[in-house]
Amino acid sequence: MKKSYKIEVDCANCANKMELAAKKTEGVKDATVNFMALKMNVEFEEGADVKAVMQNVLKACKKVESDCEIFF
Ligand SMILES: [Zn+2]
């Protein structure tokens, strides 16, 4: 399953850090961040609890860039 989320982040470098953090989160198969569009596309693993996974993605992203936000 793939979903797209609106994000808030201050620069392309931080967007890249968010992408790496999201990719490492359990339940995420793949993630890409588009800084120009301020979007994060997440592909979830089969049977993943999307809401729970996204909470963890946000937590992981906040760790690398405390000013970022993901809207879900
Ligand atoms: Zn930044």
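This is a short walk through the fold of one chain, from its overall build to its sheet, its two helices and one buried alanine.

Right, let's start. Keep in mind throughout that this is a predicted model.

First, the overall build. The chain has 2 helices and 4 strands. Reading from the N terminus, the order is β-α-β-β-α-β. The radius of gyration is 11 Å, and the globule rule gives 11 Å for 72 residues, so the chain is as compact as a globular protein of that length. The C-alpha atoms fill a box of roughly 35 × 20 × 20 Å along the principal axes.

How much of the chain is buried? Buried residues are 25% of the 72. Now the contacts. Take those between residues at least 6 apart in sequence: 58% of them join residues at least 24 apart.

Next, the sheet. What is the strand order? The order is β2-β3-β1-β4, in an open sheet with antiparallel pairing. β2 and β4 are at the edges, each with a single partner strand, so each has one side without a neighbour in the sheet. From one strand to the next, the twist averages 30 degrees.

Let's go through the pairs. β2 and β3 are antiparallel, over 6 bridges. Two places to look at: D30 stands opposite E43, and V28 stands opposite F44. β2 and β3 also form a hairpin, with 4 residues between the strands. Look at L38 in that turn: its phi is positive, about 55 degrees.

Moving across, β1 covers residues 2–8 and runs antiparallel to β3, with 5 bridges joining them. On β1's pairing with β4, the sense is again antiparallel, over 3 bridges. K6 is a good residue to click on here. K6 stands opposite K39 in β3. In β4, the bridge partner of K6 is F71.

Now the helices. Helix α1 packs on the sheet and touches β2 and β3. Its direction makes about 170 degrees with that of β2. Helix α2 packs on the sheet too, touching β1, β2, β3 and β4. The direction of α2 makes about 160 degrees with that of β4.

Take α1 in detail. It has 13 residues, and at 1.5 Å a residue they should span 18 Å. The end C-alpha atoms are 19 Å apart, which agrees. Which residues of α1 are buried? They are A15, M18, E19, A21 and A22. Seen down the axis, these buried residues fall within an arc of 170 degrees, so they line one face of the helix. They pack against β2, β3 and α2. Turn to the face away from that buried side, and you find the exposed residues N13 and K24.

Now α2, residues 50–64. Its 15 residues should span 21 Å at 1.5 Å a residue. Its end C-alpha atoms are 21 Å apart, which agrees. The buried residues in α2 include M54, V57, L58 and C61. They cover an arc of only 100 degrees around the axis, which puts them on the same side of α2. What covers them? The cover includes α1, β2, β3 and β4. The face turned away from the buried side carries A52, K59 and K63, which are exposed.

Last stop: A22. Where does it sit? A22 is in helix α1, residues 12–24. Is A22 buried or exposed? The model has 27 other C-beta atoms within 10 Å of it, so A22 is buried.

Then look at what A22 touches. Leave out residues up to four places away in sequence. The list is V28, A31, M40, V42, V57, A60 and C61. Two of those names came up before: V57 and C61 are buried residues of α2. V28 came up too, opposite F44 in β3. One distance to go with that: the C-alpha atoms of A22 and E45 are separated by 13 Å, and these residues are 23 apart along the chain.

To recap. The sheet is open, ordered β2-β3-β1-β4. α1 packs on it, touching β2 and β3. α2 packs on it, touching β1, β2, β3 and β4. And A22 is buried, in α1. That's it from me.

Conventions:
Residues numbered from 1 in each chain as written. Predicted model: local features only at pLDDT ≥ 70, side-chain atom pairs only at ≥ 80, totals over all residues. Rg over C-alpha atoms; globule rule 2.2 N^0.38 Å. Buried ≥ 20, exposed ≤ 12 C-beta atoms within 10 Å, placed from the backbone. Contact = placed C-beta atoms within 7 Å. Expected span 1.5 Å × (residues − 1). Arc of directions from axis to C-beta. Pairing = 2+ DSSP bridges. Axes fitted to C-alpha atoms, helices over the stretch in contact; angles between N-to-C directions.
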